[in-house]
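The following exercises concern one protein model and its interior. Please work through each task before reading the solution.

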Amino acid sequence: MDRTPDGSWSEVRDGMRIEWDVPLVMDDGLVLRADVFRPLGDEPCPAILTYGPYGKGLAFQDGYKTAWEILARDYPDALAGSSNLYQSWEVPDPEKWVPDGYACVRIDSRGAGRSPGFLSVHGPRETADLYDCIELVAALPWCSGKVGMCGISYFAANQWRVAALNPPSLAAICVWEGYSDNYRDATHHGGILSVFRKNWQEMQVKTVQHGLGERGPVSRVTGELVCGPETLSEEELARNRADMPRDILENPLDGDYYRAANGDLAKITVPLLSAGNWGGQGLHLRGNIEGFTRAASEHKWLEVHGGAHWAEFYTDYGVGLQKRFLGHFLKGEDTGWSEQPKVTLQIRRPGKIRFPMRAEADWPIPRTNWTKHHLAAANLTLAAAPPSAAETITYEAMSPGITFLTPPMKEETEITGPVVARLSLSSETRDADVFLVLHVFDPKGETVSFYGALDPHTPVGQGWLRASHRKLDPDRSLPWRPWHSHDEVWPLRRGEPVTLDVEIWPTCIIVPAGWRIGLNVRGCDYERKGDAATLSNMRYPMKGCGPFLHDDPDDRPPEVFGRRYTLHFGPGHENWLQLPVIPPK
């Protein structure tokens, strides 16, 4: 293949014109590299743009082997109709989009893949680059001038940030499972450090850093080095990337470091589709919900589905939804999107892996019956009325904790929406980490699990709060979703109870008659019974929480968080669980 003077080259294959390593010059002169898949004709077309650190030349099948096998096994329609030669992790398959008159543009972010520079994921420099990329692509001769964004996870989260800057050529965003708050959604759950980001950088980012060269993977399509033509030493690579794990550990409170990596949702005006996953506890689900509710866009829609994190995006259902949305806003086609309900939800039932869709008018669902169940110490129940007697229960932090149960449900009951709990709790030390797990138990006492975003056995719901981070922002808190400021530490006094409002991320389940709802109060991550699950791109086996664990010894020293906690009941102490009960239409 003959390269042009700018280092790119092109070819026609599989019904597409493909331009490899197209240069995009940023405002500081750095050249990023993009692959462009577009129709053969001369008719201008809109672009679907993705920008991220996973190596645009790395095949899905090579970089994420077990995820690909699960996709092929459980979602065969996702692979049908394509040679799958051009499939890459979490971005659109051009063979399913180019025939419909779209160009797919894949850009290696600064410092990743074939783009040189300093690698600092999710930072403001990336967002500035992404803004420039949108405008540069819109100005290319083949482009209609309209650019949309559509991708999963990283390729979704950065859409919130760049959309807040309102690039003139950005016509629509499809945020498929993408967090919106760098602190609350991604790095600190209730103020407790999540180790996911640290392990993610080791497994998925450093492995395709620009400069790995001959030590990195090779594209199965072009035969080129995925991580650039040059091969740098390990010392050079380390100097060319931010030490994100250290930075996160050194910034335990929300502040400038995290806010620089967030977009101001109130400034987003572009049409958007926010697609979340009920199983996305620990990273994306909260961000999809908050992004939808808080964005200023006049035209915005929410969709929430189930199943594996990477899967539904590629299915006939997912691609069809994306094409109706983007066809409407990028091409002006009559796709029926003008009749699309504002909110569409897949409603989960125990024992099912496919869930029916239902339309709703808004989020939270307007007809929600907010129902409080009070924790009772005497018989560990979730009761209709608070206990009258003063009692306490003490539990070991690093134990399965205590589970409170409702009586068997008298009739089938739907729980769909945000969940919140209030606890009166004291600690033997200056702090306490509260982990809440929302369970549904069958008549035999077995807990229900669903395929989570990554872990195949995820509980119904989870929430977290560090007691010293209990300060609330009254302007942002809602009756169904507390908002913690995370801007200062309020230490506990030994044995003195404090009131904790704990956000449990949104959930959905229809609870059959005769089954029970349970709230597990504990001081460490949940672990289910049975064998752990594995994914090739995850560092450790998954035992119910996926990779979203909270076991960093520097963030959670055992002398502070490994002791005993006490729940206080009776007059002056509130302990309740508020559930979003949905009456039938």
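**Exercise 1. The largest cavity**

How many nonpolar, polar and charged residues does the lining of the largest cavity have, by class?

Solution. The model is predicted: local features need pLDDT of at least 70 and side-chain atom pairs count only at pLDDT 80 or more, while totals for chains, interfaces and linings use all residues. Residues are numbered from 1 along each chain as its sequence is written, and side-chain values use heavy atoms, with hydrogens and water left out.

Step 1 fixes the terms. On a 1 Å grid over the protein atoms alone, a cavity is a set of points where a 1.4 Å probe fits but cannot get out; a pocket is an open set with protein on both sides within 12 Å along at least five of seven lines; lining residues have an atom within 4 Å of a point. Grid points are joined across faces, edges and corners, and a volume is the space filled by probe spheres set on the points.

Step 2 applies them. Nine cavities of 30 Å³ or more are counted by this rule, and the largest cavity has a volume of about 210 Å³.

Step 3 identifies the lining. Of the 21 lining residues of the largest cavity, Ser-153, Phe-196, Leu-283, His-284 and His-309 lie nearest its centre. Helix α8 (residues 196-205) gives the most to this lining, with four residues; helices (H or I, at least four residues) and strands (E, at least two) are DSSP runs, numbered from the N terminus.

Step 4 sorts by class. Ala, Val, Leu, Ile, Met, Phe, Trp, Tyr, Cys and Pro count as nonpolar, Asp, Glu, Lys and Arg as charged, and the others, Gly among them, as polar. The lining of the largest cavity has 12 nonpolar, seven polar and two charged residues.

**Exercise 2. Two pockets**

Describe the lining of the largest pocket and of the second largest pocket.

Solution. Step 1: the largest pocket holds about 510 Å³ of space. Its lining comprises 27 residues, and Met-409, Glu-411, Glu-412, Thr-413 and Val-581 lie nearest the centre. Two or more residues of this lining come from each of β14 (369-376), β15, β18 and β24 (576-582), and β14 gives the most, with four. By class, the lining of the largest pocket has 14 nonpolar, five polar and eight charged residues.

Step 2: the second largest pocket has a volume of about 410 Å³. Among its 15 lining residues, Thr-447, Tyr-526, Glu-527, Arg-528 and Lys-529 lie nearest the centre. The elements that give two or more residues to this lining are β19 (433-441) and β22 (516-522). Its residues divide into three nonpolar, seven polar and five charged.

**Exercise 3. Ala-389 and strand β23**

Is Ala-389 buried, partly exposed or exposed, and which residues does Ala-389 touch?

Solution. Step 1: Ala-389 is found in the loop between β15 (381-383) and β16 (391-396). Because its relative accessibility is 39%, Ala-389 counts as partly exposed (buried means under 20% relative accessible area, exposed over 50%, partly exposed in between, with a 1.4 Å probe and protein chains only).

Step 2: not counting residues up to four places away in sequence, Ala-389 touches Phe-569, Gly-570 and Pro-571; contact means heavy atoms within 4.5 Å.

Step 3: strand β23 (residues 564-569) has five of its six residues buried, so it is largely enclosed by the rest of the structure. It pairs with β16 in the antiparallel sense over six bridges; two strands pair if DSSP finds at least two bridges between them. In β23, Phe-569 stands opposite Glu-391. Strand β18 (residues 413-427) also runs antiparallel to β23, joined by three bridges, and Ser-427 stands opposite Tyr-565 in β23.

**Exercise 4. The largest nonpolar core**

Which residues of the largest nonpolar core touch the most other members?

Solution. Step 1: a nonpolar core is a set of buried Ala, Val, Leu, Ile, Met, Phe, Trp, Tyr and Cys residues joined through side-chain atoms within 4.5 Å.

Step 2: the largest such core has 68 residues, of which Phe-60, Leu-71, Trp-310, Phe-325 and Leu-326 touch the most other members. Its largest share, six residues, comes from α13. Apart from it lies another core of 44 residues, among them Ala-397, Val-460, Ile-504 and Val-560.

Step 3: leaving aside neighbours within four places in sequence, the contacts of Trp-310 include Phe-60, Leu-71, Trp-89 and Leu-535.
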